[in-house]
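Grab a pencil and work through these exercises with the model open beside you. Each task is followed by a solution in steps.

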Amino acid sequence: MRLIFAGTPEPAVESLRALIDSRHEVVTVLTRPDARKSRGRTLHPSPVKALAEEHGIEVLTPETLKANDEIRQRLRDLAPDCIPVVAYGNLIPDDMLDIPTHGWVNLHFSVLPNWRGAAPVQHAILAGDDTTGVSVFRIDSGLDTGDVILSTNDPIAPEDTAGDLLERLARGGANALVEAMDMLEDGTAQLTKQPEEGTYASKITTDDARIDWTQPVEVVDRAIRAFTPAPGAWTTLGGDRVKVGPVTPAGTSDLQPGDVTVTKKHVSVGTGTGDVILGTIQPPGKKMMNAADWGRGLSADVVEGLKFQ
């Protein structure tokens, strides 16, 4: 089939690479415009654009698809059989849905109808789900409500961060997306209507990622893993914001929520139902570092009375 691929961030790269290597032809890529990054605020192409250019594939970077007659006509002229989508980042207007013969087909990182929306991986970890997966579905006018072509299931490990899980799902999802394209071309796809009711995964903000040390230890553990690597779980220490990486639950103690103890081997923090041992910490103005090393570098007067809030 003739495909136009729509995607932007790193998790979409695996799918584009798999489609390029498949029996299908990727004729054009849709992606977000170059973004300014780093201290120099220089423009950088999206990971998807970089891969497309490596393979000599045409790249379109509209700010929006809404009321964009030029892009609409270009897509029609390309006459795609299907437009697979992975984390594109632009809303697709209803009047563009009928451009490809087989529609716009989205790879979503959950088993629909669970966790429709922007942050399915983070919300699955936050909720304590044991399993998740991917779904490939035909986009309609709703929010991740279209008919499902296929789904896969994947376990969530107790130590998984959102970054770990998303990387795994991106690899498996790439294979699922190619399989869905094959099925559409072969006429073997059997689309399944979704239930109307589902769960929703709203976008995660920096404020959401602040750690509430009064919560039970398992909730604190899940929250930190869900917000790693982005936007990064954080707390405050003496009025300064510090980021923390994944922790290890360590059982009960006399520590109050947020209280910090430092030994030669560990930095422990109290939660609502027990302690956690910090793995990594990022003090203000510094890079992420081993928490035990950070603790050993503190003076005795600083260690006394340490508290995260």
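**Exercise 1. Find the partners of strand 7 and say how they run.**

Start with strand 9 (residues 131–138), which pairs with strand 7 in the antiparallel sense over 4 bridges. Two strands count as paired when DSSP finds at least two bridges between them. Strands here are DSSP runs of E with at least two residues, helices are runs of H or I with at least four, and both are numbered from the N terminus. Before going on, keep in mind that this is a predicted model, where local features need pLDDT of at least 70, side-chain atom pairs count only at pLDDT 80 or more, and totals for chains, interfaces and linings use all residues. Residues are numbered from 1 along each chain as its sequence is written, and side-chain values use heavy atoms, with hydrogens and water left out.

Next, pick out a contact: Asn 106 has Phe 137 of strand 9 as its bridge partner. Then turn to strand 6, which runs parallel to strand 7 and is joined to it by 3 bridges. There, Ile 83 sits opposite Trp 104 of strand 7.

**Exercise 2. Is strand 7 buried or exposed, and which way do its side chains point?**

First, the cut-offs: buried means under 20% relative accessible area, exposed means over 50%, and partly exposed is in between, using a 1.4 Å probe and protein chains only. Now count: 5 of the 5 residues of strand 7 are buried, so the strand is largely enclosed by the rest of the structure. Last, split them by direction: Trp 104, Asn 106 and His 108 point one way, while Val 105 and Leu 107 point the other way.

**Exercise 3. Look for unusual backbone in the loops.**

Here's the background: most residues other than glycine have a negative phi, and most peptide bonds are trans.

- Step one is the loop between strand 7 and strand 8 (116–117), where you'll find Pro 113. The peptide bond from Leu 112 to Pro 113 is cis, with omega near 15°.
- Step two stays in that loop, which also holds Trp 115. Its phi is positive, near 60°, and Trp 115 is buried at 14% relative accessible area.
- Step three moves to the loop between helix 6 and strand 12, the place of Pro 231. A cis bond joins Ala 230 to Pro 231, with omega about 0°.
- Step four is Ala 67, between strand 5 (58–60) and helix 3 (69–78). Ala 67 has a positive phi near 55° and counts as exposed, at 71% relative accessibility.

**Exercise 4. Trace the open sheet of 4 strands.**

Begin with the order, which is 12-13-18-19, with antiparallel pairing. Strand 12 (234–237) and strand 19 (289–290) are the edges; each has a single partner strand, so one side of each is left without a neighbour in the sheet.

Now walk across. Strand 12 pairs with strand 13 (residues 240–244) over 4 bridges, and Thr 236 has Arg 241 as its bridge partner. The hairpin of these two strands has 2 residues between them, and Gly 238 there takes a positive phi near 60°. Strand 13 and strand 18 share 2 bridges, with Val 244 opposite Ile 281. Finally, strand 18 (residues 280–282) meets strand 19 over 2 bridges, where Ile 281 partners Met 289.

**Exercise 5. Which rings make the aromatic pair?**

The structure holds 1 aromatic pair. The ring centres of Trp 213 and Phe 308 are 5.7 Å apart and the planes are at 25°, so the pair is stacked. The rule for rings of Phe, Tyr and Trp (its six-membered ring) is that centres lie within 6.5 Å; planes under 30 degrees apart are stacked, over 60 edge-to-face, and the rest tilted. Check burial too: Trp 213 has a relative accessible area of 4% and Phe 308 has 2%, and each is buried.
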